[in-house]
2 protein chains.
Amino acid sequence: MSVRVVVADDQTVVRDGLVTLLKLLPGIDVIAAASDGREAVELVAEHDPDVLLVDLRMPAMDGVEATRRVRADHPRTEVVVLTTYSDDDSVLTALRAGARGFLTKDADAESIGRALQAAAAGQSIVDADVQRRLIEGTTKRVEASVSGLTPREVEVLRLIAEGLSNTEIARHLVVSEATVKTHINHLFAKANLRDRAQAVAYAYRLGLA
Amino acid sequence: MSVRVVVADDQTVVRDGLVTLLKLLPGIDVIAAASDGREAVELVAEHDPDVLLVDLRMPAMDGVEATRRVRADHPRTEVVVLTTYSDDDSVLTALRAGARGFLTKDADAESIGRALQAAAAGQSIVDADVQRRLIEGTTKRVEASVSGLTPREVEVLRLIAEGLSNTEIARHLVVSEATVKTHINHLFAKANLRDRAQAVAYAYRLGLA
DNA sequence: CCGGATCTCAACCCCAGGGTTGACTCTCAG
DNA sequence: CTGAGAGTCAACCCTGGGGTTGAGATCCGG
């Protein structure tokens, strides 16, 4: 029984290449090809394939989101991610989203076929690099030091991270709201933040909260 | 070119079974069989195989230590671990020690063959359970406590926590901005949040980011 | 004593974001 | 078949937050 596969890649060359490549492999049936994530999800719903082979970076909907959708709506269909860069951060995200396998685009036909077969059989194939990163865990946690920020700015950042509004922060620090806004603007500029939501994330990553 | 394999298992039945099983597979050559870890290391040194298929629990030298030795002294030889219990703690240890793949003893012949081929090609095959455990190791607390929120709301919350604006979230989920705002309003009401800054903090405490 | 950094404050503009209401569709359990 | 929940979308209002400029007060090191 052949493994039924849907391919999704926005680059025509890659997509067509994959399709013709996979068609030559025994035990692999390419039943559809999508050019973006949205279409990929639709085709999965339509054809109920064994495996979705999906690129990470795509317009309309990226591979991570497509993976999440497919795993949520069609748990029978396994997802194998294909990407250009093995050190892409979203690789881990994709695996957490439920991707079964992971391949780089320089993989040869046999490797791809093997990964598809494995995924269909419930096994999981990942690239050596990714495996190492998984095993070592997220120990990379960078030391994005708080340096550059003045004590007052750090203070304000912490309060932002607690969900306080500007007026609340002003009351808390016993200064005017204008002052708070000034600190916040400096802080945003220094840390390259757009709004307080990003600031909260920043603070949490720094371990301020 | 066939993949040259050395098998190591202390149980005679399993060992002989594996050998005969693997000999039936195309592209696999079993060139030696060991009954403990010490012997396995010796046979690897002697035959320089592509892959060592090794049981975790063995007398004289267990699979983890054998893996470490082989990876240190014969980096050309990949190691695939075979064991009875997928929840064995030493599984992670073995992977850290440099094992390329991981199989349970209820794997069928094709799965084993695939894992050996993959290992020889530099890929890594792991059992689904093990993959899940590896991934959970890198994530924080599970999102089980996100009770009350619908999947879509959780999705939106995660994206908020990444610092995305409403328009960006809409683009990402391929819906209109109005829909995003609706989800956000529901989400805020349920979780008793005032603005997205508090939402980010909430998400981080839940381990969503 | 001067320059720089920090902290403070004000007035202004503008829009993203949050609140509200209402509506259409689909699915699924009862 | 019906009602509830989920997801989708639109129109409206209005405040808070972010951007900008400019400026006075304090402190410290060179």
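Start with H9(B), which gives the largest share of the surface near DNA strand D, four residues. Here a residue is near a strand if one of its heavy atoms lies within 4 Å of it. Helices (H or I, at least four residues) and strands (E, at least two) are DSSP runs, numbered from the N terminus. The model is a predicted one, in which local features need pLDDT of at least 70 and side-chain atom pairs count only at pLDDT 80 or more, while totals for chains, interfaces and linings use all residues. Residues are numbered from 1 along each chain as its sequence is written, chains are lettered from A and ligands numbered from 1 in the order in which they are written, and side-chain values use heavy atoms, with hydrogens and water left out.

**DNA strand D**

Next, select everything around DNA strand D: 17 residues surround the strand, and the closest are Lys181(A), Arg196(A), Thr150(B), Ser176(B) and His183(B). Of the strand atoms that come within 4 Å of the protein, 65% belong to sugar and phosphate. At least two residues of this surface come from each of H9 of chain A, helix H7 (151-161) of chain B and H9 of chain B. By class the surface has four nonpolar, eight polar and five charged residues. In this count Ala, Val, Leu, Ile, Met, Phe, Trp, Tyr, Cys and Pro are nonpolar, Asp, Glu, Lys and Arg are charged, and the others, Gly among them, are polar.

Zoom in on three side chains. Thr150(B) has a polar side-chain atom 2.5 Å from a phosphate oxygen of DNA strand D. For Arg152(B), the distance from a polar side-chain atom to a phosphate oxygen of the strand is 3.0 Å. At Thr182(B) the partner is a base nitrogen of DNA strand D, 2.9 Å from an N or O atom in the side chain.

**DNA strand C**

Move to DNA strand C. Of the 17 residues around this strand, Thr150(A), Arg152(A), Ser176(A), Thr179(A) and Lys181(B) come nearest. Sugar and phosphate make up 63% of the strand atoms within 4 Å of the protein.

Which side chains place a polar atom 2.8 Å from a phosphate oxygen of DNA strand C? Arg152(A) does, as does Thr179(A) with an N or O atom, and from chain B there is Asn185(B). Helix H7 (151-161) and helix H9 (177-191) of chain A, together with helix H9 (177-191) of chain B, are the elements that give two or more residues to this surface. H9(A) gives the most, with four residues. The classes here are four nonpolar, eight polar and five charged.

**Between the chains**

Hide the DNA and select the contact of chain A with chain B, where 41 residues come from chain A and 41 from chain B; contact means heavy atoms within 4.5 Å. The two chains bury about 3,500 Å² between them, 51% of it on carbon and sulfur atoms. Buried area is the accessible area (1.4 Å probe) that two parts lose on being put together, summed over both.

Three salt bridges cross this interface, a salt bridge being a side-chain nitrogen of Lys or Arg within 4 Å of a carboxyl oxygen of Asp or Glu. One to display is Glu168(B) with Arg194(A), at 2.9 Å, N to O. On the side of chain A that touches chain B, the elements that give two or more residues include helix H3 (63-73), helix H5 (109-120), strand E6 (124-126) and helix H10 (196-206). H10(A) gives the most, with seven residues. That side of chain A has 18 nonpolar, eleven polar and twelve charged residues.

**Domains of chain A**

Finally, colour chain A by domain: domain 1 (3-136) and domain 2 (151-206), with bounds from an automatic or database domain assignment. Their centres, taken over C-alpha atoms, are 41 Å apart.

Conventions. Polar contact = N/O pair within 3.5 Å; in protein donor to acceptor, adjacent residues only side chain to side chain.
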